[in-house]
Amino acid sequence: MRPEWTRREALFAAAATPLFAQIGPTEFQIGCMTITYSAFPLNRALQGIKSAGYRYVGWGTTHERVPVMDNDAPPSAARILAARCREMGLEPVMMFSTVNVEAADSAAKHTRKIEQAGAAGIPYLITFGKTTAGALEPWIATLKQLGPVARANNVTVVIKQHGGNTGTGRLCSRILADVADEGVKMCYDAGNVLDYEKLDPIPDIQACWQDVRAFAIKDHRNTPKSQDCGPGFGEIDHYKLLMALMHTGRKIPLVCENIFEPLLPRPSAPEGVDALARRSREYLEVVIRGLQLA
């Protein structure tokens with residue numbers, strides 16, 4: 001825990017957690033991103049995710065260097081891919097924008113991605129960037145433009161931690177307070193908080209859980225070397241991470257962005273990825289079942 005997290009802050013955040021207790025249990029949607037199969041064709045990724053026992057899938061970003069959904073693709077292309085996923089028994093719940101918030105023509109490019117997500121029936125569009133000194137106001141202005149577009153398409157744009165002024169959930173919540181639009185919320189990435197900021201994500205999520213609508217699940221190790229990895233292989237306590245959101249009354253996707261083993265080479269065959277995908281699903285299911293009983 002970093003020094004700026006005082007005991008009073010931690011206790012206050014923990015005390016705030018039960019505010020959702022009267023709303024109802026959270027329905028966690030455990031899924032896997034196709035990005036975990038980026039070295040293999042998209043269709044093999046979908047097959048692997050289904051065979052690993054998932055019901056939910058996230059799109060992103062490329063497979064064999066071919067985009068899952070090109071930025072200029074018509075919404076009908078996203079609708080067709082979504083139908084293909086559903087025919088396989090996979091429900092798409094999120095996709096990457098592949099456009100940074102601070103990019104040139106960001107609002108126009110994000111609008112096209114929102115329209116793709118809306119046509120596909122995908123509720124969450126992940127976006128991020130790296131805000132720096134003097135760059136926060138353009139970020140907020142862009143997100144304010146995107147909020148009404150997202151709501152009109154039944155989509156929520158979710159920002160996730162990616163360094164700079166978006167390095168933590170607490171910082172992202174400050175941005176969301178200025179944007180003040182239900183069409184723009186947060187996808188929590190605990191792995192990035194621990195990796196980029198070397199900050200414990202547990203007290204961080206206690207300060208921002210009200211804004212979280214989805215999770216990009218990855219773990220991280222700082223020892224013996226700094227490396228992202230699959231859930232349960234790293235230093236993050238997922239029981240503590242998810243406790244704050246057990247009673248939101250919402251459907252919250254937990255979609256694996258990283259399923260790999262630390263220190264070891266990644267599988268060279270898709271069957272090896274299948275095994276790791278299955279293990280990540282089983283781990284998250286155990287965590288959720290335990291928390292529900294607790």
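Begin by selecting R44, G48 and S51 in helix α2 together with P270, E271, D274 and R278 in helix α10, since these are residues through which the two helices meet. By class, this contact comprises 1 nonpolar, 2 polar and 4 charged residues. The model on screen is a predicted one, and the tour passes from this helix pair to a second one and then to individual residues.

Keep α2 and α10 in view and widen the selection to their full extents, residues 42–51 for α2 and residues 270–293 for α10, which pack at an angle of about 40° with their axes 9 Å apart. An angle between 35 and 65 degrees falls outside the roughly parallel and roughly perpendicular ranges, and α2 and α10 are therefore oblique to each other. The crossing of these two helices is right-handed.

Staying on helix α10, select R281. With a relative accessibility of 14%, R281 counts as buried, because the cut-off for that class is under 20%. If its neighbours within four places in sequence are set aside, R281 is in contact with I30, A52, G53 and Y54, so displaying those four residues along with R281 shows the surroundings described here.

Now move to the second helix pair and select α4, residues 106–120, with α5, residues 136–152; these pack at an angle of about 25°, and their axes are 10 Å apart. That places α4 and α5 roughly parallel to each other, and their crossing is right-handed. To see where they touch, show S106, A107, H110, T111 and I114 on the α4 side, and T142, Q145, L146, V149 and A150 on the α5 side. The residues of this contact divide into 5 nonpolar and 5 polar, with no charged residue.

Next, select I126, which is found in strand β6, residues 124–127. Its relative accessibility is 0%, and I126 accordingly counts as buried. Not counting residues up to four places away in sequence, I126 touches M33, M94, M95, F96, S97, V158, K160 and C187. For a longer link along the chain, add F215: the C-alpha atoms of I126 and F215 are separated by 10.0 Å, although the two residues lie 89 residues apart along the chain.

K160, one of the residues touched by I126, also leads to the next stop, as it is among the residues touched by N192. Select N192 in helix α7, residues 190–197, and note that its relative accessibility of 2% makes it count as buried. Which backbone oxygen does the side chain of N192 reach? It is that of Q161, at 2.8 Å, and drawing this distance in the viewer is a convenient way to mark the spot. Leaving out residues up to four places away in sequence, N192 touches K160, Q161, H162, E197, K218 and D228, so that Q161 appears both as a contact of N192 and as the residue whose backbone oxygen its side chain reaches.

For the last stop, select P203, which lies in helix α8, residues 201–206. Is P203 buried or exposed? P203 is buried, with a relative accessible area of 7%. Add L241 to the selection to finish: P203 and L241 are 38 residues apart in sequence, and their C-alpha atoms are 8.7 Å apart in space.

How values were computed. Residues numbered from 1 in each chain as written. Predicted model: local features only at pLDDT ≥ 70, side-chain atom pairs only at ≥ 80, totals over all residues. Heavy atoms only, no water. Helix = DSSP H or I, 4+ residues; strand = E, 2+ residues; numbered from the N terminus. Buried < 20%, exposed > 50% of the residue type's maximum accessible area, 1.4 Å probe, protein only. Polar contact = N/O pair within 3.5 Å; in protein donor to acceptor, adjacent residues only side chain to side chain. Contact = heavy atoms within 4.5 Å. Axes fitted to C-alpha atoms, helices over the stretch in contact; angles between N-to-C directions. Parallel < 35°, antiparallel > 145°, perpendicular 65-115°, else oblique. Left-handed = near helix turned anticlockwise from the far one by under 90°. Nonpolar A, V, L, I, M, F, W, Y, C, P; charged D, E, K, R; others polar.
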